[in-house]
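Biologist: Please give me a close look at a single part of this predicted model, the second largest pocket. What lines the second largest pocket?

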Amino acid sequence: MAKIIEQARIISQERISGQILRLRLHSPEISGAARCGQFVMVRLREGTDPLLRRPFSFSRIYPEDGEFEILYRVVGRGTWLMSQLLPGSSVSLVGPLGNGFELPIEKTAALAFIAGGIGIAPLLELIAQVISDRGAKGLENLRLFYGARTAAELLPEDFTRAIGIRVHFATDDGSFGFHGRITQMVEELTAEEDLLLRRPHEVYSCGPLAMQYHVARWAISNDVLAQLSMESLMACGIGACLGCALPAQTPGEPQSERFVHVCEDGPIFSAGSIKWNKILVQQMPPPTWVFN
């Protein structure tokens with residue numbers, strides 16, 4: 001798919017909770033070509049501050065209006081500058097980039113969506129499309145597992161209620177919902193028959209690298225299909241700088257070694273395609289659910 005360079009107009013900027021904001025942009029060409037799971041590279045202003053574009057997932061796409069939304073968290077100078085954008089101003093975009101999620105063929109299959117921190121962003125459009133495809137059937141088989149370091153870093157409950165499916169919460173410090181890792185919560189809930197929560201046929205996940213490692217390990221050990229949206233620092237978004245490389249295996253050749261690039265080959269990867277042992281993810285501390 002051809003990459004589009006477009007000057008987008010800011011429609012609205014809204015603070016959802018704490019340092020989490022939602023930006024709506026008018027970008028007819030990119031919104032018309034975008035798929036859930038893809039992303040755009042945003043240049044906030046002319047000049048060298050900031051020097052590089054920033055990658056952001058599509059959190060909602062409205063092609064009929066020529067618009068899309070970005071849900072983001074302020075974590076540094078680039079996102080702070082983004083939070084200062086006013087309606088009517090404009091930014092330069094390159095996109096849509098990446099491969100996007102593959103939607104399930106079976107419209108009644110049990111699905112789990114796993115979000116760590118602001119990793120919830122690309123799952124919002126995916127969930128909306130799955131609900132649209134299913135209509136009123138099979139929604140009871142959809143679950144969102146959503147975690148953060150602490151309750152203050154979760155989106156407000158009225159926001160998550162509007163998503164349209166059952167949400168299970170987890171926090172590292174136990175201040176809200178399940179106390180511990182999201183994958184521990186998934187394991188426990190699917191093992192409790194009285195909850196009538198079916199083991200998912202497929203998992204869609206987005207969050208920090210350490211979280212994705214645990215999701216991948218759980219999915220592989222339980223023979224569950226998984227599509228992981230791998231977040232990474234990106235300088236170019238088109239595979240030129242090689243800054244977002246991950247060790248991977250060639251399909252059908254488990255002993256092979258190669259590198260894939262999150263921006264060009266992803267950001268969506270299957271659980272078993274990444275060579276987790278090569279990035280020493282086992283030595284990382286427990287997930288903190290923070291997206292930088």
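Modeller: Happy to! The second largest pocket holds about 220 Å³ of space. A pocket here is an open set of points on a 1 Å grid over the protein atoms alone, where a 1.4 Å probe fits, with protein on both sides within 12 Å along at least five of seven lines. Points are joined across faces, edges and corners, and the volume is the space filled by probe spheres set on them. This is a predicted model: local features need pLDDT of at least 70, side-chain atom pairs count only at pLDDT 80 or more, and totals for chains, interfaces and linings use all residues. Residues are numbered from 1 along each chain as its sequence is written, and side-chain values use heavy atoms, without hydrogens or water.

The lining, residues with an atom within 4 Å of a point, consists of Arg-22, Ser-59, Arg-60, Tyr-62, Glu-69, Leu-71, Leu-124, Ala-128, Phe-159, Ala-162 and Ile-163. By class that gives 7 nonpolar, 1 polar and 3 charged residues, with Tyr and Ala counted as nonpolar, Arg and Glu as charged. Two or more lining residues come from each of β5 (60-62), β6 (67-73) and α3 (121-134); these are DSSP runs, H or I of at least four residues for helices and E of at least two for strands.

Following α3 outwards, this helix lies across β8, β9 (142-148), β12 and β13 (225-230), at about 160 degrees to β8. Angles run from 0 to 180 degrees between N-to-C directions of axes fitted to C-alpha atoms, for helices over the stretch in contact, meaning heavy atoms within 4.5 Å. Helix α6 (residues 209-221) also packs on the sheet, touching β8, β12 and β13, and makes about 165 degrees with β12.
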